[in-house]
Amino acid sequence: ICELRPLTMKSATGPLWPLLVALVSGVVAHGSAESSSDPTGLFTLSPLWLPESILEPDSLSMVRFSVSGAPKPAQLTFRGQDYRRTVPNGGWPVTAAVSSNGTATLTLTHSVGYYEYTCEQTNQTFGIVVAPKLPEPVDERFAVLAGFTQICNTVPVSLREPLLAMLARVGVRHYRDFPQQGQLRANASAPYNWDHVDPAGLAGRMEQLHQLNRQYNVRVLDCFGGSLSWNERADWFDGRGAPWRWPKNLSVAADTFEAIAAHWGDTEGGIEADNEMDAAPYTADQYSVLLKAMRYGLFKAQSSGSVSLPPLVCGAFTDAVHSAYLELLGRNQVFEVCDVISYHTYCDPATVQDDVGRVRLWQQEWNATSTPLYITESGADFALRWNSTDESGNPHGRPRPTLAQGRAYAFGNVAHQIENIASGVDRTYAFNYLYYAEGGQNYGLTGASHTPLRAFAAYTAAVRFLQHKRYIGDLPNKVSP
């Protein structure tokens with residue numbers, strides 16, 4: 001039995017709210033800001049295998065780093081801290097010998113929680129999460145946005161495997177990505193190129209990514225926008241003067257999604273039809289045409305043989321959902337075409353229930369309350385993110401937030417997750433798994449070194465505490481509304 005009070009603005013002053021936040025994210029006291037400077041000196045450290053950042057409780061564990069640059073030291077000194085940075089004298093000291101091949105190894109034993117280690121020689125800080133492995137089957141309501149092939153496509157392809165392995169280790173089996181259709185097929189007569197190689201070693205390699213999905217038993221929600229480049233209308237423009245986004249030949253579009261479902265269907269947690277089109281200069285009836293072409297392609301894939309068909313996910317609406325847009329979408333048979341409805345929210349956690357309720361009312365109007373609901377971008381509101389320019393003016397932002405910023409960001413993400421589960425949302429994709437700067441602010445459950453931040457630790461705790469739990473009502477000591 002799980003008793004979780006829906007979070008409201010007024011309940012934040014009551015006895016449950018501090019207890020719940022402390023339980024899930026460890027946010028119980030203020031502390032000093034953590035170091036966030038860039039590495040200095042002649043050498044730097046890089047995690048050798050990111051999943052080593054997730055330790056088993058009370059077990060002797062090794063965390064290895066590759067030491068690059070010269071001359072390499074014989075030994076490194078680290079200072080360790082806990083979630084609240086309460087360890088005096090800058091943290092407990094730990095040394096790591098550097099081997100002849102340039103590998104430094106930390107040997108650690110910790111109880112469940114979050115820890116971070118700062119190398120005194122390089123001033124780099126790395127996060128550590130200590131959590132037990134979850135028993136199978138894990139709860140599939142938990143997910144993250146990763147954006148390996150777009151948005152976060154500055155992450156080298158070589159890091160995809162350790163990042164997916166780290167997700168699987170903490171019991172998260174779903175992530176969202178934005179594969180580019182233009183990479184799949186050069187022209188109408190060309191075969192599909194499932195593993196397009198990007199010369200910079202960043203985007204592309206989608207076939208390799210799907211193979212990793214199979215290896216680590218994770219599933220991707222592929223959000224497909226636009227169309228094949230040779231199936232665009234170069235002479236059409238939208239209301240903003242940009243080239244028309246959607247395909248000129250819907251039959252080709254249907255064939256594309258038939259091929260995608262047949263080839264990758266077993267590793268996809270869904271195929272999502274574009275992103276935030278309710279905020280773009282396209283009407284709901286225009287969007288519904290794209291949905292029907294995609295549905296026909298998936299139908300053909302299913303009819304042609306034994307295919308593990310992914311659900312068709314409609315919407316990815318902004319959190320400012322327009323009722324007129326939804327009304328027109330309903331009249332264009334969206335609930336007959338799609339398997340799942342999705343939308344995005346970056347609001348105050350206290351308003352999550354209102355957002356979910358508005359979508360549920362729309363579903364009720366069309367007798368579609370059984371249609372699952374995904375929130376495919378769920379993130380901290382603007383007040384809880386951290387500035388993407390550090391004190392030295394670095395436009396890429398500080399590699400890790402300060403202590404106060406990190407705790408606030410952890411709160412923003414975990415509070416959303418709790419509210420979504422209490423409100424009956426079927427799956428929530430936390431934004432964003434990877435370190436990412438946009439609009440002058442940073443997102444990320446992991447830092448620039450891709451090791452865990454406090455937000456990742458808090459999210460991991462929420463995944464563990466809420467496994468297969470269902471909201472059953474308010475606690476008896478609730479604060480009156």
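Q: Which glycine follows α9, and what sign has its phi?
A: Glycine 424 follows helix α9, and its phi is positive, near 85°. Helices (H or I, at least four residues) and strands (E, at least two) are DSSP runs, numbered from the N terminus. The model is predicted, so local features need pLDDT of at least 70 and side-chain atom pairs pLDDT 80 or more, whereas totals for chains, interfaces and linings use all residues. Residues are numbered from 1 along each chain as its sequence is written, and side-chain values use heavy atoms, leaving out hydrogens and water.
Q: What span should α9 have?
A: Helix α9 covers residues 403–422, and its 20 residues should span 28 Å at 1.5 Å a residue (1.5 Å times one less than the number of residues). The C-alpha atoms at its ends are 28 Å apart, which agrees.
Q: How many residues of α9 are buried?
A: Of its 20 residues, 16 are buried (under 20% relative accessible area, 1.4 Å probe, protein chains only), so α9 is largely enclosed by the rest of the structure.
Q: Turning to β17, which residues cover its faces?
A: Strand β17 comprises residues 427–430. Arg427 and Tyr429 lie on one side and Thr428 and Ala430 on the other, all of them buried.
Q: In what sense do β9 and β17 pair?
A: Strand β9 (residues 142–145) pairs with β17 in the parallel sense over three bridges; pairing requires at least two DSSP bridges. Phenylalanine 142 stands opposite threonine 428 of β17.
Q: And over how many bridges do β15 and β17 pair?
A: Strand β15 (residues 373–378) pairs with β17 over three bridges, in the parallel sense. Here tyrosine 374 stands opposite arginine 427 of β17.

Terms used: Buried < 20%, exposed > 50% of the residue type's maximum accessible area, 1.4 Å probe, protein only.
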